Amino acid sequence: MSTVQTQPAILADEPPVSLWRDAWYRLKRNRLAIFGLCVILLLAFVALFGPYLTPYDFLSQDLEARNQAPSLAHLFGTDDLGRDVFSRVVYGTRTAFVVAVVVTAIALVIGTGLGAVAGFFGNPFDRVIMWLTDITMSVPNLLLVVVINASLKTPIAQWMEARYLETLNPFYRETVWIDFLLVFGSMALISWPPYARLVRAQVLSIRSRPYITAAQALGLSNRIILTRYVIPNALGPLIVAVSAGLGTAMVLESAFSFLGVGVNPPTPSWGNMISDGLRVWQHYPHLLAAPAAVLGLASVAFSFLGDGLNDALNPRGSK
Amino acid sequence: MLRYVATRFAIWIPSVLLVMMAVYALAFYGAGDPIKLIFLRAPGDVAYNPERIEAIRESAGLNKPFIEQFGYYVWNLLQGDFGNSLNSGRSVWAMVKAAAPVSFKLALCSIILTALVAIPLGMIAALNQNRRLDYIILGSALFLWAIPAYVAGPLLMVGLIVLLPGVNVPYGWGGVFDIRVLLPLLVLSFQPIALIIRQTRAAVIEVLSEDFVRTARAKGVPEVVVALKHILRPVLTPVVTQLGLIMITIVNGAIFVELVFGLPGLGRLTVKALTNSDYPVILAITLIGSFLVMISNLLVDILYPLLDPRAADAKRSR
């Protein structure tokens, strides 16, 4: 009987386990998720510091060492212009991460905003926003981005050229910015609906909780209730969605580069490296295999981590 | 029932119109003057003769306001006229009609393959929940979901050639019953299969805790009969609702699969139109793709109350 008596004392001594520590504990036990997390951290490190660590510049051509098989000097070999494939893959990691992070951030802001408004203020906002969400989700996203890219490239290029002639600022001549602007913009335009849906559902379930009623009774403004009470409580599922969204954005970016509507050469992107490699894969399979394998690895890592986070943060929904 | 279908349809029409308008507006304001685009490709210097251009524009009705031209476009669409390709001058409808069967057959086979493979696997995973078999199936599904078609396709091709020397590269189209269709079909089905495995697993796990399953087991019904008779039926309903999402992954995937494996379908037409900035073709294919997905969603909406009478009651009382 004595053990029964001591048990409450032990419980009281333990510090309260926060949601995040609890989630981290569950995540740690999921080996696939930890594998994903490690790969992502490694890739993020490569994206941040990689270009300073590679022995070659991603653009420097060595015409005497073209199409070489992988060796110690060139880990992934060289391409048809004698560029080091490893350096290009490393720089492609940076491109992929920049696009993934920026696109997810923009989509998250749009989606959270619209979803919160729809859920919090109800009709007619709710009906209109959800209608737009459904429509955006029902257009095949690749085709939509293709249309946006194909149609907005010329006007933006013309606008930039006009700015350049006006100001003679070389900044406006940098075509890389047009690429990034188009890629970011068009991808964000198709990526926000899942966030909007999720946030709306969260808000609807949170709105009826007593602490919101209490906050309203205290006379707090809608803005403060939204930012202080509703959004923080909706964070768990949102983190899962962001993890999945980062992976999706990364894959989408390379998909567009593969089709020639994303980041243009010579800026290396996994997608345009794969599409270059596809033309010569029978002779130089390493040109295809290296970027394809890294892209596959990154995508799988995000998928595993997202799934693990889902189990860790939403324990009720998963089992 | 009829009223329900009618309201669904009434909500559906403006959505389709809005998508058409958005896509048309992008091409209208972004692509620039179609007459100039045509003559920039044609021999001669008509493109730099503003008076001629203006005259042609007027005769083609291209100086009218946006709404009027859009209405004209929709009206022509309804009669099966998608305009002409900027590049070849051929009718876009003819180009689409030549390419569509390949894509449609592939998509249909992919849906059938998905249903045949993914639903049993999802059930097996759920019935072995949290055991090794479950983890293997679930892990593979996650893996298949994450691998893009343009990575899986080429890598499988390389693998096939390396492992089985003497095998021809599966390139080109010879109909659904041709051996070459196998690899593209497989790659195209990867993502749908992954999606349906996870969906089925989740649905089965939910049904397993229902009273009627416990009752069936308690009165000694064999496990196989429970799985096929009591569990499968209610599980199919949430799985069928994924049709729209599957359609999206197939339409997206077809672009890459057809490019990698050299199939003369809508996907390859898209890429070709894209590299040539052939706006009428891009416009037409985007509309067809969106239409396919939207009609799948409408179909699911209409079928849902038939599959699950409870949903119909809920909707009526709302």
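How many residues does each chain bring to the contact between chain A and chain B? Keep that in mind while you load the model, which is a predicted one. The count is 41 residues from chain B and 38 residues from chain A.

**Stop 1: the two chains**

Colour by chain and switch to a cartoon view. Chain A shows 14 helices and 0 strands, and chain B likewise has 14 helices and 0 strands. Buried residues make up 43% of the 319 residues in chain A; in chain B, 34% of the 318 residues count as buried. If you plot a contact map, look away from the diagonal: among contacts with a separation of 6 or more, residues 24 or more positions apart supply 71% in chain A and 73% in chain B.

**Stop 2: confidence in chain A**

Now colour chain A by pLDDT. The mean is 77, and 80% of the residues of chain A reach 70 or more. Among the elements of chain A, helix H9 (residues 210-217) has the highest mean, 86, and helix H1 (residues 2-13) the lowest, 47. Select residues 1-11 of chain A: the pLDDT there is below 50, and the stretch has 0 contacts in the model beyond near neighbours in sequence. Where pLDDT is low, the predicted coordinates should not be read in detail.

**Stop 3: the chain B side of the contact**

Return to the contact, with its 41 residues from chain B. Helices H1 (2-30), H6 (132-146), H7 (149-163), H11 (243-261), H12 (266-275) and H13 (279-307) of chain B each give two or more residues to the side that touches chain A. H13(B) gives the most, with 9 residues. Colour this side by residue class and you will find 28 nonpolar, 13 polar and no charged residues.

**Stop 4: H6 and H7 of chain B**

Select H6(B). Its 15 residues reach 21 Å from the first C-alpha to the last, close to the 21 Å expected at 1.5 Å a residue. Show side chains for the buried residues, among them B:Leu138, B:Leu142 and B:Trp145. Which elements cover them? They include helix H11 (235-259) and helix H13 (285-313) of chain A, together with helix H5 (92-127) and helix H8 (182-208) of chain B.

Move on to H7(B). This helix also has 15 residues, and its end C-alpha atoms are 20 Å apart, which agrees with the 21 Å it should span at 1.5 Å a residue. Its buried residues include B:Ala149, B:Tyr150, B:Gly153, B:Pro154 and B:Met157. The cover over the buried residues of H7(B) includes H11, helix H12 (270-279) and H13 of chain A, along with H8 and H11 of chain B.

**Stop 5: the largest nonpolar core**

Next, select A:Val145, A:Val146, A:Val147, B:Ala254 and B:Ile282. Of the 154 residues in the largest nonpolar core, these touch the most other members. H13(A) gives the most to this core, with 16 residues. Centre the view on A:Val147: leaving aside neighbours within four places in sequence, this residue is in contact with B:Val23, B:Leu26, B:Ala27, B:Ile282 and B:Thr286.

**Stop 6: A:Leu287**

Finish in helix H13 of chain A, at A:Leu287. Why does A:Leu287 count as buried? Because A:Leu287 has 25 C-beta neighbours inside 10 Å, and 20 or more is the cut-off for buried. Before you close the viewer, draw a distance to A:Asp276: the two residues are 11 apart along the chain, and their C-alpha atoms are separated by 7.9 Å.

Methods:
Residues numbered from 1 in each chain as written. Chains lettered and ligands numbered in written order. Contact = placed C-beta atoms within 7 Å. Helix = DSSP H or I, 4+ residues; strand = E, 2+ residues; numbered from the N terminus. Nonpolar A, V, L, I, M, F, W, Y, C, P; charged D, E, K, R; others polar. pLDDT = per-residue confidence, 0-100. Expected span 1.5 Å × (residues − 1). Buried ≥ 20, exposed ≤ 12 C-beta atoms within 10 Å, placed from the backbone. Core = buried A, V, L, I, M, F, W, Y, C linked by C-beta atoms within 7 Å.
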